[in-house]
Amino acid sequence: MTTSDHRFSATERQGLYRAIHERRDVRSQFLPDPIAPDLLERLLQAAHHAPSVGFMQPWDFIVIRSREVRQDVQAIFERENQKAAENYAGERKTLYSRLKLEGIMDSPLNLCITCNRSRGGTHVLGRNSVLETDLFSVCLAVQNLWLAARAEGIGVGWVSILDQDELSATLKLPTDVYPVAYLCLGYVSEFLDRPELEAKGWRSRLPLEELLHGDVWGQPYSTE
Ligand SMILES: Cc1cc2c(cc1C)N(C[C@H](O)[C@H](O)[C@H](O)COP(=O)(O)O)c1[nH]c(=O)[nH]c(=O)c1N2
């Protein structure tokens, strides 16, 4: 058996890279159509199969359909977004105010992926030196779900312009549970072919070459 036997088929690889490259953060293109329970289950299973420090699996999934809860979260967003706008001036401020940065009410389903920081007891294998590894693990669960959703034709938007204490109170989270990601999910009218922030002139993708270093920081990177 050669190592190439472990490879996915060309079609499978193409599908994986397609999901990676065509995944988008969605906030303007949501359709109201509901997501079927079995599809949601597949997305949650994808998230649940993410790697986690010491196999801690620190995530919980809060599936939010209630309009009242979503309206409360939307109100938190509006307050925080007003504060965020104070960081900009002039044209940049005008551009910022035109950006749509959430799809809380437009999407049929919101999902909060949380991190239970005490799951697994006082010591978790691999989490001795870097306490934040539980949070990193939850981010990987988010990305798994995001990619699976893209493959299923479901858009996902991450809303982080939220006061975490207010969000925790709204969702009635226990003390040790941190709301890592507040996500909006739904079918979409289209997936943009590049990030919305890039399309609207906010910021562009950096060239990979600028981010590569050889051996130590600042050293030229070579493929040889
Ligand atoms: C941790 C984190 C937090 C946020 C985001 C992402 C991540 C990873 N993004 C989405 C972000 O703007 C988007 O990923 C980039 O602009 C790149 O676009 P694509 O995701 O490639 O479409 C995001 N988008 C938005 O409209 N409102 C938000 O509050 C946030 N917050």
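**Exercise 1.** State how β3 and β4 pair and over how many bridges, then place both strands in the sheet.

*Solution.* Step 1: β3 and β4 are antiparallel partners, joined over 6 bridges. Strands here are DSSP runs of E with at least two residues, helices are runs of H or I with at least four, and both are numbered from the N terminus. Two strands count as paired if DSSP finds at least two bridges between them. In general, strands of a sheet pair through backbone hydrogen bonds, either parallel or antiparallel.

Step 2: One opposing pair is V156 and L185, the latter in β4.

Step 3: The open sheet has 4 strands in the order β1-β2-β4-β3, with antiparallel pairing. Its edge strands, each pairing on one side only, are β1 (59–64) and β3 (154–159). From one strand to the next the twist averages 25 degrees.

The model is predicted: local features need pLDDT of at least 70, side-chain atom pairs count only at pLDDT 80 or more, and totals for chains, interfaces and linings use all residues. Residues are numbered from 1 along each chain as its sequence is written.

**Exercise 2.** Find how many bridges join β2 and β4, and name the partner of I113 in β4.

*Solution.* Step 1: β2 spans residues 109–116 and β4 spans residues 177–187. They pair in the antiparallel sense over 8 bridges.

Step 2: I113 has A181 as its bridge partner in β4.

**Exercise 3.** Name the strands that helix α5 lies across, and decide whether β3 is mostly covered or not.

*Solution.* Step 1: Helix α5 (residues 133–151) lies across β1, β2, β3 and β4. Contact here requires C-beta atoms, placed from the backbone, within 7 Å.

Step 2: The helix runs at about 155 degrees to β2. Axes are lines fitted to C-alpha atoms, for helices over the stretch in contact, and angles run from 0 to 180 degrees between N-to-C directions.

Step 3: In β3, 5 of the 6 residues are buried, and the strand is mostly covered. A buried residue has 20 or more other C-beta atoms within 10 Å of its own; an exposed one has 12 or fewer, and a partly exposed one lies in between.

**Exercise 4.** Describe the whole protein by its secondary structure and its extent.

*Solution.* Step 1: There are 7 helices and 4 strands. Along the sequence they follow the pattern α-α-β-α-α-β-α-β-α-β-α.

Step 2: The C-alpha trace spans about 55 × 45 × 40 Å along its principal axes.

Step 3: Of the 224 residues, 24% are buried.

Key
Contact = placed C-beta atoms within 7 Å.
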